[in-house]
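Got a minute to poke around a protein model? Let's go through it one question at a time.

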Amino acid sequence: MRKFLAPVTVAGILGLALVGCSSPTVNDDGCERTLSASQEAIDLVTVEGDTDDVPDVEAYTPITASESEWTDIVEGDGTAVRGLDQAMVIDVALYNGATGEQIATTPYDGSLTSVLTLSQWTQSFPGFEDALACAREGGRVATVLTGDGLNAEAAAGFGIGEGGSAIAVVDLRKVYLDKADGADQFVAGHNLPTVVRAPDGRPGIIVPEAQPPADLEVQVLKKGDGEVVTGDAPVRVHYTGVLWDEGTVFDSSWENGAPVAFELDAVVEGFGAALEGQTVGSQILAVIPPDLGYGDQGSGSVPAGSTLVFVVDILGIDAPAE
């Protein structure tokens, strides 16, 4: 019986909390894919089979290397992996570098519901950071993990001895955007907040010294050409929210370390209304009056009667829960 390499398995072995990390250095414009400088170890590995199935792997063992190596078995043509906080769905097949025997795999059942960030995978397999940098959705990557590329506790949990190596084959099923990538739009609005962006996409929001609009105000800052947000499936976003009166941030997925997914009917009415009908790749500015926000009750750090300002990057649509 095949041992499944599920997210809960990884977390259980390591006992790790899921935390955010900094993004790796890659070309933000073209995201140029770079393979490992040495290919001596990975050249000893043969990977065959359809990318929808668990790969057939043969290796001249034992495989040793001074550092991790990787190569592309199949080059993808979808969204590129640009950073550790990027959400994705991948299948992984893991083999012992000493014997070539299969250790574990993810289910390879076609499901797209197990969404994790790259940083969550690198808790067990640090070498994935380099091996998957600028790899694209639809691709299959083979890597020999050794030394710093393989977490010592994870290696022990998978029966890999000290100083040993692992062979991992990674199939990139779905890669979400790391930030809105749509075309910049002309924004026509008087006394609306100004939005500036850091290179990684993090927005800064400057609220004008003016009375907030009485009605919901939605402006498209970047127009993406992806799927339409209908509310039939969860939407995955990065967002920052500030209070109009104080201009202070009260919540931000960017600061919390990873994009989030939610149903449109599970958020305040104005937030859901602002996103419905928008497209993946878009960035929107939404000014939400109190009656479409938290009203006269407030919530947490949001005082009663607050007008809310959100900048939202729409990164993808999740698969419906199975």
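What follows is a short round of questions and answers on the cores, the disulfide and two loop residues. This is a predicted model, where local features need pLDDT of at least 70, side-chain atom pairs count only at pLDDT 80 or more, and totals for chains, interfaces and linings use all residues. Residues are numbered from 1 along each chain as its sequence is written, and side-chain values use heavy atoms, with hydrogens and water left out.

Q: Which element gives the most to the largest nonpolar core?
A: A nonpolar core here is a set of buried Ala, Val, Leu, Ile, Met, Phe, Trp, Tyr and Cys residues joined through side-chain atoms within 4.5 Å, and buried means under 20% relative accessible area (exposed is over 50%, partly exposed in between; 1.4 Å probe, protein chains only). The largest one has 29 residues, and F125, F128, F158 and L172 have the most contacts inside it. Several elements supply at least two residues each, among them β4 (87–96), β7 (140–146) and β8 (165–175); helices (H or I, at least four residues) and strands (E, at least two) are DSSP runs, numbered from the N terminus. The top giver, with five residues, is β8.

Q: How many residues does the second, separate core have?
A: This other core includes V235, F262, A286 and I314. Its residue count is 26.

Q: How many residues apart are C31 and C134?
A: These two form a disulfide (a pair of cysteine sulfur atoms within 2.5 Å), with S to S at 2.2 Å. Both cysteines, C31 and C134, are buried, and their link is left-handed, with -100° about the S-S bond. C31 sits in the loop between α1 (7–14) and β1 (45–48), while C134 is in the loop between α3 and β7. That makes the pair a link between distant parts of the chain, with a separation of 103 residues.

Q: Is V228 buried or partly exposed?
A: V228 lies in the loop between β12 (217–223) and β13 (235–243). Not counting residues up to four places away in sequence, V228 touches G277, Q278, T279 and I317, where contact means heavy atoms within 4.5 Å. Its relative accessible area is 46%, so V228 is partly exposed.

Q: Which residue's backbone oxygen does the side chain of S306 reach?
A: S306 is in the loop between β16 (283–288) and β17 (308–317), and it is buried, with a relative accessible area of 10%. Leaving aside neighbours within four places in sequence, S306 is in contact with L243, I288, P289 and P290. At 2.7 Å, its side chain reaches the backbone oxygen of P303.

Definitions and conventions. Polar contact = N/O pair within 3.5 Å; in protein donor to acceptor, adjacent residues only side chain to side chain.
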